[in-house]
Amino acid sequence: MDSKPTALTPAQEDKMIEDAFKDLLDGYLNSNHRKKVEIIERAFRFAKEAHSGIRRRSGEPYIMHPIAVAKIVSKEIGLGSTSICAALLHDVVEDTEYTVDDIEQNFGPKIAQFVEGLTKISGGIFGDKASVQAENFRKLLLTMSEDIRVVLIKMADRLHNMRTLGSMAPNKRYKIAGETLYIYAPLAHRLGLFAIKTELEDLSFKHEHPDIYRQISEKIHESEARRSAVYSDFSEPIKRKLDSIGIKYDAKARLKSIYSIYNKMETKHLPFEEVYDLYAMRIVFECDDQSKEKAICWSIYSAITDLYQLHPTRTRDWIATPKANGYQALHLTVMGPDGNWIEVQIRSRRMDEIAEKGFAAHWKYKIGEGDEESELNAWLRTIKDILDNPEPSAIDFLNTLKLNLFASEIVVFTPAGELLTLPSGSTVLDLAFNLHSEIGMRCIAGKVNHKLVPLSHVLRSGDQAEVLTSKTQTPQPEWENHLVTAKAKTRLRQALRKMRQPMIAEGRKIFEKWLADNDIQESNAVISKILGTFHASGRDDLYYQLGAQEIVLADFLVKTLKKSAAHGDDRKTGLLSTIIKFGKKVMPTTSSSSNTETADTSADDATEKILTPEKKINTKEIYRLKHTADGANYKLAQCCHPIHGDDVMGFINDEGIVEIHSLDCPEAQVLKAGYGSRIVATEWDTAPERFLAHLKIEGIDRHGILQELIQLISTHMGIDIRKLEIEASGEVFECDLWVKVADVEAVSDLCRQARSIDGVTSAARVH
Ligand code: MN
């Protein structure tokens, strides 16, 4: 990677830089922003000088990155000169000796504020190096709640990094792709940046599953001719009709993204060939008068339903009630000439721009006073609320934040007819907290559509909902399971923390006395060792566990602490196995080591010996997953049960053992976002081990079909069945099957053979 990919002379390289900048400027001049060329030119010269001599990993001059980011900001998001300047300068403070003050002196306070928000920091409230990402994110969002443009620039930065991710080391790639899927893509969605969201997802997917990505792309390519024939059969009559009623429009086929095709295949257990709704038709019409848009949408709708059979439940009117991210359109699904359902999206040019560019486009259309703007403000207020009351643990913070980024929403009515927007999945308890924290704390039940319901009741769009409270009610820890909104979770945890205070104070006393009795000096090293030993998420958590007598400080700890203090040794010790622990507290990072719910299947996994590596694992190198007579140098995560051949990554757990997660595993997403420095890229070596895989087989019940199935699996293919669950209802049966296999190939083969049995409609692995 030291060799430069191009052999440009310095003069040629300079020309490349100047050309790229000129291209940026031309794009800006073609936009309808005010023409503040002078300051943009100055920002470019400043950044070019500051980054001179520095290269990216790809070998390009560093300045090409800020130029590319500025181009995305200008062209793809549609922002103006202030944002373009901040994009050009965004890495100056982080990577060169210039400070935020220098930026302020040269470019004024606004640009300096943006650059400050975009500059990464080390350390912070979570005080844990592993969680710097969470801290950076918090800082970014704090600036965002002052001015949303800063987060739009960050999106552009992330997008360009994702586009050029190929030149990074694999462990970094997983970390960045993971963060992107976990935080940035949902945030882009929340901000209405649909095109960017889709591209971020596709790029993350491409880097995590290069083979599947390529396969799907190839299949799309192969089926292109047939699909475009189907599309033109479908769209021609619509176009003729619209032409005849004199509407000016653009119509195009919109292909589903590779990532969403994959998701559909996975969640519905379908092969590619059976994902029919690859295409949606999008009609974007021209209209100068905003007051006429709605009527035109519905006249197009009626033109289409004159031609094709309408799907009775799939019309979505995002015009009367726009989505909270500002999205407006009319969607309908009709049956195409080939008998498959096809979605049609109808939008005006203005709506289309909002859908593609998100809130940035709102400013262009100067929607300042309307509902959308107040929705945005309401959302920003929740974000600010979370930031003002940060969770003590980085992972909780990320999870809380993430909950808030999910975009699908429901609308409920109060008894007074007031309209409230809540994330979908919200319960009566969420509603209570949404109305007021005090109402949340005192909530005992709800009334939905005049019927009494428990506080865990999940609300649906259109419900009329009311909260019942009682003065004697107090917040309960298990309420957390009934909450989906970030604000409510944060408030509940705060209240619980407050209630835990006496226990914490008690624990603190115990701890201080123990330190004094054993003559141990309190230091960061001592604290972090003890926190690690008990898997406590922070001091308060440790004190609470002590105060509640869930744990005791055993004598051998004294010896270890004194010894490590003497040797200055700060390696994580293998104390866990000897620690006395009551209760069943489980840390997210090590859950796989403790709770295995599939007891009947884990028995033989447990006999697998796992070797602790002798030396520190170098995360920059690819870690080979080996299995010898002595044992394995890795451990399979129990959350996602990866098997040989899956796309996986390693996470170095607290015991120093490499834990293997599937790249899609939700738990791995959190690890990638929160503990990026402990991720290691892995490669499967030859493994004599047998892996546990979970399959789902569905079909139409007929006499003898199950015998045939079982015979195929056990006798024919020599595969070991560990567990089998069959459920039949009417003519349909569903079979859950756990088998021991050598690798992914064996699973695919089994599925293929099972599908060939008469009556079986689907057979696929469950992740
Ligand atoms: Mn950057």
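Contact here means that heavy atoms lie within 4.5 Å of each other. With that in mind, a good place to start in this predicted model is helix H10 (residues 170-190), which lies across strands S15 and S17 and runs at about 115° to S17. Helix H28 (residues 666-674) also packs on the sheet, touching S15, strand S16 (658-662) and S17. The direction of H28 makes about 120° with that of S16.

The sheet beneath these helices is open and has five strands, in the order S11-S17-S15-S16-S14 and with mixed pairing. Strand S11 (623-625) and strand S14 (635-636) stand at the edges with a single partner strand each, so one side of each has no neighbour in the sheet. Further in, strand S15 (residues 648-652) and strand S17 (residues 679-684) pair in the antiparallel sense over three bridges. Here Phe651 stands opposite Ile679 in S17.

Another open sheet of five strands follows the order S1-S2-S5-S4-S3, and its pairing is mixed. Its edges are strand S1 (249-255) and strand S3 (316-317); each has a single partner strand, so one side of each is left free of a neighbour in the sheet. Strand S4 (residues 330-335) runs antiparallel to strand S5 (residues 341-348), and six bridges join the two. One residue to look for is His331, whose bridge partner in S5 is Gln345.

The metal site is the next stop. The manganese ion has His65 (NE2), His90 (NE2), Asp91 (OD) and Asp157 (OD) as its protein donors, at 2.2 to 2.5 Å. Along the sequence, the donor residues follow the spacing H-x24-H-D-x65-D. Asp91 sits in the loop between helix H4 (81-89) and helix H5 (92-95), while Asp157 belongs to helix H9 (residues 149-163), so this pair ties together parts 66 residues apart in sequence. Are these two aspartates, Asp91 and Asp157, buried or exposed? Asp91 is buried, with a relative accessible area of 6%, and Asp157 likewise counts as buried at 6% relative accessibility.

Helix H22 (residues 486-517) rounds off the tour. A kink of about 50° lies at Gln501 in H22, shortly before the proline Pro502. After H22 comes Asp519, which has a positive phi near 60°. The axes of H22 and helix H24 (residues 539-547) come within 7 Å and cross at roughly 85°, which means that H22 is roughly perpendicular to H24. Among the residues of H22 that meet H24 are Met503, Ile504, Ile510 and Phe511. On the H24 side, the residues involved include Leu542, Tyr543, Tyr544 and Leu546.

Definitions and conventions: Residues are numbered from 1 along each chain as its sequence is written. This is a predicted model: local features need pLDDT of at least 70, side-chain atom pairs count only at pLDDT 80 or more; totals for chains, interfaces and linings use all residues. Side-chain values use heavy atoms; hydrogens and water are left out. Donors are N, O and S atoms within 2.8 Å of the metal (3.2 Å for Na, K and Ca); water is not among the atoms, so sites may look incomplete. Helices (H or I, at least four residues) and strands (E, at least two) are DSSP runs, numbered from the N terminus. Buried means under 20% relative accessible area, exposed over 50%, partly exposed in between (1.4 Å probe, protein chains only). The bend at a residue is the angle between axes fitted to the seven residues ending there and the seven starting there. Two strands pair if DSSP finds at least two bridges between them. Axes are lines fitted to C-alpha atoms, for helices over the stretch in contact, and angles run from 0 to 180 degrees between N-to-C directions. Angles under 35 degrees count as roughly parallel, over 145 as roughly antiparallel, 65 to 115 as roughly perpendicular and the rest as oblique.
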